[in-house]
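Here are my notes for you to read alongside the model. Keep the viewer open and find each residue as it comes up.

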Amino acid sequence: MGKQLVIVESPTKAKTLKKFLGPDFIVESSVGHVRDLPASAAEIPANLKKEKWARLGVNVEDDFKPLYIVHPDKKKKIAELKKLAKEVERILLATDEDREGEAISWHLLELLKPKVPVARMVFHEITKTAIQSSIEQTREIDQNLVNAQEARRIIDRLYGYEISPVLWRKIAPRLSAGRVQSVAIRMLVHRERERMRFHAAHYWDLIAEFVTAEEKSFPARLQTVDGKRLASGKDFDPDTGLLRKNDVVHLDEAEAKGLLEGMKQAVFKILSAEEKPFTRSPAAPFTTSTLQQEGNRKLRFDARRTMRAAQRLYENGYITYMRTDSVALSSEGVRGARGEAEKLYGRDYLPDSPRAYRNKVKNAQEAHEAIRPAGEQFAPLSEIQKKLGPDESKVYEMIWKRTLASQMKDAHGRRMVLKVVGESDGREVVFQATGSVIDFPGFLRAYVEGRDDPEAALGEKETLLPPVREGDTVRADKLDAEGHVTQPPARLTEASLVKALEESGIGRPSTYASIIDTIQRREYTFKKGTALVPTFTAFAVVNLMEVHLAELIDFAFTAKMEDRLDSIARGEFERSPYLREFYFGNGKPGLRKMLDQQADEIDPREINAIPLAVDGEGRKIVARVGRFGPFLQREDDTAPIPEGSCPDELTIERCQELLAAGAQAQEPVGEHEGKPVYVKTGRFGPYVQHGDADPDNKKEKPKMVSLLPGMSPETLTMDQAKELLSLPRALGDDEQGNPVIAHFGRYGAYIKRGTDTRSLGPDDNILTIELPRALELLAQEKKRSFRNTPKELKVFEKVEALDGIDVKLLAGRYGPYLTDGDVNASLPKDFGDHEQLTLEQAVEFILVQRSKPRRKKKVAKKKAAKKKTTTKKKVTKKKATAKKTAGKESSVKKTT
C-alpha cells in the first residue's frame, strides 16, 4: 500500500507516533475538536438565527439534530487535511479510544468526505508494539460511542442553556448550571450546612505512662470506668453536641481531675495481653479517578494539574491511556511490573502467581486497562526527569510505584493490645495500649498511599509494646487528664469530591478535572488550604434548584442519567428516545415543562436568603447575594460580608460584630469641606468615604479611599481620614514645570510625573513624602515595567509545527505567557517552573489558544451614529446626504 494519512488530536501525540511509523505514513494533528455546537449567537448562520431553537444549537423539534459549527481558526487545518487526504491511499483515524475521541474521528470523517478507504486505529499506549498492532487490527468507527457522546453533549447543552438564564434572572448574571457541575456544588453546600449546624461537645479522659518491672515504658489511654465505656467524639450528635446514648461515661474537666487524684494511689496490673496477626493487600493500579485523588493527597496537585501531566506522559509514550475506569492490567503490564519488582526487591517480594484485579465497569468499551507505565520495559524515572517537566516526573513516579506494588506480596504483621486495670476508692478503671509490628513489608516497600517515602512510613507504622504477662504489676509513672472537643465534618477537598462523585455514579472521571475548574472559575467555591469552600452564590443556586428543580439536582437522578448514556454507548438504548424523554418528558414532566411550570414561582428574595442565626431578640440574620457581593441582613440593618469569609464562620457573634460595624459606618466620624466623612468596611476591606451618594445622579459617586496598611477602622482618627482624602497628593512641579503627584493604587503607593511612575520605598510614607524625595525616586533607574516591552524568558526559534515562526515566553504582569506574535497563551497558574517549559508544550499551548473563539473588538459606531442623527435635524435632505457621507469617512478614520 502507498502513502497513508494518520490523524490524531494533538501535535505532541503526532510527534511521538512519527517515531514508530515509517516514511509511508503522514502523521497530522487536528489540534483537538474540529467542530462543535455554536459557542455564541455570532457563530449561528444568518439563515438560522430566526429559528426558535437556534440559541440552543440543537433543533429539539427535528429529532434533536445538532447544529455543528467549524470554528474559523480550524478551517485552515481542515483544508490542509483535505489536501493531504487526496494524496494518500488510506486514512487512519487515530484519536483517543474513549467516546470523545470516537466523536472527533466521526467529525473528521464528516468534514473530510474522503474518497479513499478510512479505518479507525485504536491503541491504549503509544509504544512500537501497540502502534503496529493497532495498524493491523483497525476497525470502523463505533457509532454507538459517537451517539453516546453526542447525546451527552446535547443534554449538557440543553441543561446549561435552559437553566442558566433562570439563574441570571433570579440570582445574578453570568452564572451557569451544569448536569454534573450543579450536583458537585450541591455536595459542597451540603457539607457546609453540616458544619453550620454543628455544635461542639467537650469531653475528657486520662492518659498514662506505665512502666514494667524491667523498666520498659508504654503509653495507654483510659477506656472504661466501672465497666462502662468512656465517651469519645463519635458518641456525640454533631447537630446538638449531646450524647446519642446514655450507656457511656461522659467525664467533664472536674470529674476527670477528680478521678485522676483517686488513681494516684491505685495499684495497676496487666489485665490482658493479646496479639493478633494482620494482612494488608496492595491497592489496585490507578484509574482516572484514583489517580486524581492520590495526586491531590500525595502531591498536592489539583485534578487538572494531575491530568495535564498524565496527558503529556501518555502522548510522549510513557504511560497507557489515562482516561479509564478499569483496574485490570494486561499480560504485558503484569510482566513489566513483576520484572521491575523482582529486580528492585528480590524474588521473595513476588507472589507465586500474578495478581488479577477486577471491577464492575459498566462500559467495557472505554475501560481497556488501568493506568500504568507503557510497554513491558518501564521507562526509568531519570528519563522522564530529563525529557519532561517536574510535574510529569512526580506523576510518573507515583504511577510506576503503584503499578509495581499492585503485583507484590501482601504485608504481614501483628497487632498487640494491652489492658491495664487499676482500682482506688472503690472505682475500677481500665487503660488500653495498642501497638503493631510489621514482620514482612511486602508491597509497602514500594508504595504507601498518601505518603512520599515508603521506608519512613513503614517506620511510623510500627509501635512496639514490651513483653508482659497477665497479672504482672506495672506502675503509673505519669497520669494526666486531657480535654477534647469534637470537630465539625471536614470540608470536601478535590480528592474527596472526586471520590464522592465517583461513588455516587455521577459524571465520568475524565470530566472531573474540568468540572472542579469550572466551579472555581464561576466563583461557586474557593479554596482554603486544600478544602473547597462554597460561596453564598453556591448556596443561592442550590436553594433554587432544591426547591423548584429538585429532580435535576438529585444524586440518584443524575447517576441514572449516566447509566442511560452508558447504555447508549453499549448499543442497548437509542439516543433519540432518551433525549425526547429528558427534554419533553414521558409520563412525568421533562426539562422544558419543569422550567415552564416553576420559573414564575421562583421568588428571588426567598431563594437568595441563607439563614445564619437568630439574635437574642428573635430577629433572623440572613446572608443575601447582592449586586456588589454577599451581605448580611437583619430586618433593615445590612453589612457587607468580607471577601473570603467561610459560611460556617459567620456565627451569631461574628454576624453581630459585622452588623454593628455596618451600623457604625452609617454614622459620620466627622465633617470635611462641608461633607460628612464615613469609615466603612466593604467587600475588599475598610475605606474612608467623603460625602453621600446622590440618588438622582448614580454616575457621580462620593470619593472613597482605602485605608493604608497598618490602619484599622477602630483606631482611625479624623486627622488620618482627612490625610487619606487628600490622596492623590500634589507635591509640586519639577524644574520643567511638570506636576509630581503621590498616588495610592491597587499595588501600593507610588509617585507619578506624566506617564513616568516609581513605587515608594519601604521607609517612605505616602502621607508625608515631599517633593525632593519624590524627585529622588524619579531620578532612579526604573524597574522593569510590565507596560513596557516584557522581558524574554525563553525563545523557541523557527518552530516547524507553527510554520517556522518564533515562539517567545515573556514575563507578563500576571505571570509568564507565550506569544507567536499573533496570539498570547498564558501558562497555567499551577504549571510550576517556567524554565522547564518544552517546545512541545509551547506548541500545544499556542495551538489550543488559536483554536479558541476570538473576541471581536468593539468599533466606535455609537458616536458616529449620534453625530449623523444630529446632522440630519439641522440641514436639508441634500446637505444631510453629504454630511452622512462625510460622517462615514470620519468614522472610519476614528476607528482606524
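The points below start with the whole chain and then go through a few places in it.

1. Overall picture. First, keep in mind that this is a predicted model. The protein chain has 896 residues, and 48% of them are buried. You'll find 26 helices and 33 strands along the protein chain. Its C-alpha atoms fill a box of roughly 120 × 90 × 70 Å, taken along the principal axes.

2. Surface and contacts. About 47,100 Å² of the protein chain is exposed, with carbon and sulfur atoms supplying 49% of that. Now look at contacts between residues at least 6 apart in sequence: 66% of these join residues at least 24 apart.

3. Aromatic pairs. How do you describe two rings that sit side by side? A pair of aromatic rings is described by the distance of the centres and the angle of the planes. The count here comes to 14 aromatic pairs. Take Tyr-203 and Phe-236: the ring centres are 5.6 Å apart and the planes are at 25°, so this pair is stacked. The cut-off you need is that planes under 30 degrees apart count as stacked. Tyr-203 sits in strand E9 (residues 202–211), while Phe-236 is in the loop between strand E11 (228–229) and helix H7 (253–263), so the pair ties together parts that are 33 residues apart in sequence. Both Tyr-203 and Phe-236 are buried.

4. More rings. Phe-210, Phe-218, Phe-268 and Phe-431 make up one aromatic cluster. Two arginines are also worth a look. Arg-186 has its charged end over the ring of Phe-555, 4.7 Å from the ring's centre. Arg-415 lies over the face of Phe-278, at 4.2 Å from the ring centre.

5. Helix H9. This helix covers residues 303–315, which makes 13 residues. From first C-alpha to last it reaches 18 Å, close to the 18 Å expected at 1.5 Å a residue. Is H9 enclosed or open? Of its 13 residues, 11 are buried, so H9 is largely enclosed by the rest of the structure. Among the buried ones are Met-307, Leu-313 and Tyr-314, but also Arg-305, Arg-312 and Glu-315.

6. The ends of H9. Which residue caps the N-terminal end of H9? That's Asp-302, with a side-chain oxygen 3.3 Å from the backbone nitrogen of Arg-304. Just after H9, Gly-317 has a positive phi of about 85°.

7. Arg-35. You'll find Arg-35 in strand E3 (residues 35–36). Is it buried or exposed? Arg-35 counts as buried, at 15% relative accessibility, because the cut-off for buried is under 20%. Its side chain makes a polar contact of 2.7 Å with the side chain of His-107. Beyond its neighbours within four places in sequence, Arg-35 is in contact with several residues, including Tyr-68, Trp-106 and Glu-110. Arg-35 and Lys-74 are 39 residues apart in sequence, yet 8.0 Å apart in space, C-alpha to C-alpha.

8. Arg-758. Try the same kind of look at Arg-758, which belongs to strand E29 (residues 756–759). With 12% relative accessibility, Arg-758 counts as buried. What does its side chain reach at 3.1 Å? The partner is the backbone oxygen of Gln-780. Not counting residues up to four places away in sequence, Arg-758 also touches Tyr-750, Leu-777 and Glu-781, among others.

Terms used
Residues numbered from 1 in each chain as written. Predicted model: local features only at pLDDT ≥ 70, side-chain atom pairs only at ≥ 80, totals over all residues. Heavy atoms only, no water. Phe/Tyr/Trp six-rings, centres within 6.5 Å; stacked < 30°, edge-to-face > 60°. Helix = DSSP H or I, 4+ residues; strand = E, 2+ residues; numbered from the N terminus. Buried < 20%, exposed > 50% of the residue type's maximum accessible area, 1.4 Å probe, protein only. Lys NZ or Arg CZ within 6 Å of the ring centre and 35° of its normal. Expected span 1.5 Å × (residues − 1). Polar contact = N/O pair within 3.5 Å; in protein donor to acceptor, adjacent residues only side chain to side chain. Contact = heavy atoms within 4.5 Å. Areas by Shrake-Rupley, 256 points an atom, 1.4 Å probe, with all protein chains shown as cover.
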